[in-house]
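Biologist: Before I use any of these labels, I would like each one justified. Please set the values against the cut-offs.

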Amino acid sequence: MSTFSWIIAVSLAGGVLSVLAAAALSISLGVHRVGMLISYAIGALLGAAFLEILPHALEHGDPHKMAGTVLFGILVFFVLEKLVLWRHCHHDHCEAHEAHAPAHDHGRSGLLILVGDTFHNFVDGILIAAAFLENTELGIVTALAIIAHEIPQEVGDYLILLHSGYSKVKALAFNLLSSLATLIGAMLAYFALSELNEWIPSLLGLAAASMIYVAVADLIPGLHKRTELKATVQQVVLIAMGIASIGLVRTLVGE
């Protein structure tokens with residue numbers, strides 16, 4: 001196979017396999033446990049942002065610029081969520097103004113996480129293409145490492161989509177659509193790698209900003225509705241498990 005064929009095949013297969021594996025694992029746990037496992041999703045998001053994405057961005061970009069990018073990204077996602085809220089609100093009658101919030105948020109968290117995941121997948125495609133342009137063996141190893149890193153994060157993303165009101169079919173379909181950004185990033189990188197390399201730190205910063213915003217602004221407040229000690233301990237343990245899963249995969253596959 002040619003280098004370009006390897007890049008196309010691995011980028012497409014890698015994105016699809018990570019999403020399908022995450023969806024299968026999430027479904028096997030049971031949709032009725034989504035409310036409990038959202039704590040795991042918070043940990044996976046924060047772990048991916050702080051243990052994997054931001055360190056990589058800081059290695060290739062100026063720290064001050066990266067901090068500004070993350071701050072800018074958080075503000076952008078705040079405005080984006082406001083726009084989604086306005087779409088679902090009519091005057092003072094919507095879930096944002098009700099004393100008792102509904103079980104899901106009409107897609108707000110899901111929309112934000114899809115945007116951030118698309119940025120992340122796009123950058124993954126660029127990294128895969130860069131590795132294959134170096135040599136085929138490095139490309140294969142890099143692709144396997146990216147898939148291994150993606151599965152715990154995709155589990156969190158899938159759970160968030162379900163929590164946000166998406167059906168299992170729609171959650172899978174949107175995640176698969178988002179995974180195509182890996183292929184797009186890889187193809188663009190193959191033809192214009194020198195230009196796209198300069199975008200990597202900024203794109204990673206925006207991806208991290210979306211994950212931090214969704215975890216802290218959208219998901220963590222919901223955990224505070226259960227104040228009993230047992231629920232609190234359960235939430236802390238699951239958040240720690242989400243963070244640990246990212247750290248474990250990162251340790252197993254290396255940088």
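**Labels and their grounds**

Modeller: The largest cavity has a volume of about 90 Å³. Among its 15 lining residues, G14, G15, I146, E150 and T182 are the closest to its centre. This is a predicted model.

Biologist: What makes this a cavity and not a pocket?

Modeller: A cavity is a set of points where a 1.4 Å probe fits but cannot get out, whereas a pocket is an open set. With a minimum of 30 Å³ or more, the count comes to 1 cavity.

Biologist: Which elements give two or more residues to the lining of the largest cavity?

Modeller: Helix 1, helix 4 (108-134), helix 5 (136-163) and helix 6 do. By class, the lining has 6 nonpolar, 6 polar and 3 charged residues. Gly counts as polar under this scheme, so G14 and G15, two of the residues closest to the centre, fall in the polar class.

Biologist: How many helices and strands does the protein have?

Modeller: There are 8 helices and 0 strands. Along the sequence the pattern reads α-α-α-α-α-α-α-α.

Biologist: Why is L12 called partly exposed?

Modeller: Its relative accessibility is 38%. Buried means under 20% and exposed over 50%, with partly exposed in between, so L12 counts as partly exposed. L12 is found in helix 1 (residues 3-29).

Biologist: What makes L12 eligible for a nonpolar patch?

Modeller: A patch residue needs over 30% relative accessible area and no salt bridge, and Leu is on the list of nonpolar side chains. At 38%, L12 passes the area cut-off. The patch, of about 340 Å², is made by L12, F174, L177 and L180.

Biologist: Which helix gives the most to the nonpolar patch?

Modeller: Helix 6 (residues 168-197), with 3 residues.

Biologist: How do you know that R226 and E228 form a salt bridge?

Modeller: Their closest N and O atoms are 3.2 Å apart. The definition asks for a side-chain nitrogen of Lys or Arg within 4 Å of a carboxyl oxygen of Asp or Glu, so the pair qualifies. The structure holds 1 salt bridge. Side chains of opposite charge can pair when their charged atoms come close.

Biologist: Are R226 and E228 buried, exposed or partly exposed?

Modeller: R226 has a relative accessible area of 42%, and E228 has 39% relative accessibility. Partly exposed lies between 20% and 50%, so both R226 and E228 are partly exposed.

Biologist: What share of the protein is buried?

Modeller: Buried residues make up 47% of the 255 residues.

Methods: Residues are numbered from 1 along each chain as its sequence is written. This is a predicted model: local features need pLDDT of at least 70, side-chain atom pairs count only at pLDDT 80 or more; totals for chains, interfaces and linings use all residues. Side-chain values use heavy atoms; hydrogens and water are left out. Patches are made of residues with over 30% relative accessible area and no salt bridge: like charges are joined within 9 Å, nonpolar side chains (Val, Leu, Ile, Met, Phe, Trp, Tyr) within 5 Å. Accessible areas come from the Shrake-Rupley method with a 1.4 Å probe; for residues, only the protein chains shown count as cover. Helices (H or I, at least four residues) and strands (E, at least two) are DSSP runs, numbered from the N terminus. Buried means under 20% relative accessible area, exposed over 50%, partly exposed in between (1.4 Å probe, protein chains only). On a 1 Å grid over the protein atoms alone, a cavity is a set of points where a 1.4 Å probe fits but cannot get out, and a pocket is an open set with protein on both sides within 12 Å along at least five of seven lines; lining residues have an atom within 4 Å of a point. Grid points are joined across faces, edges and corners, and a volume is the space filled by probe spheres set on the points.
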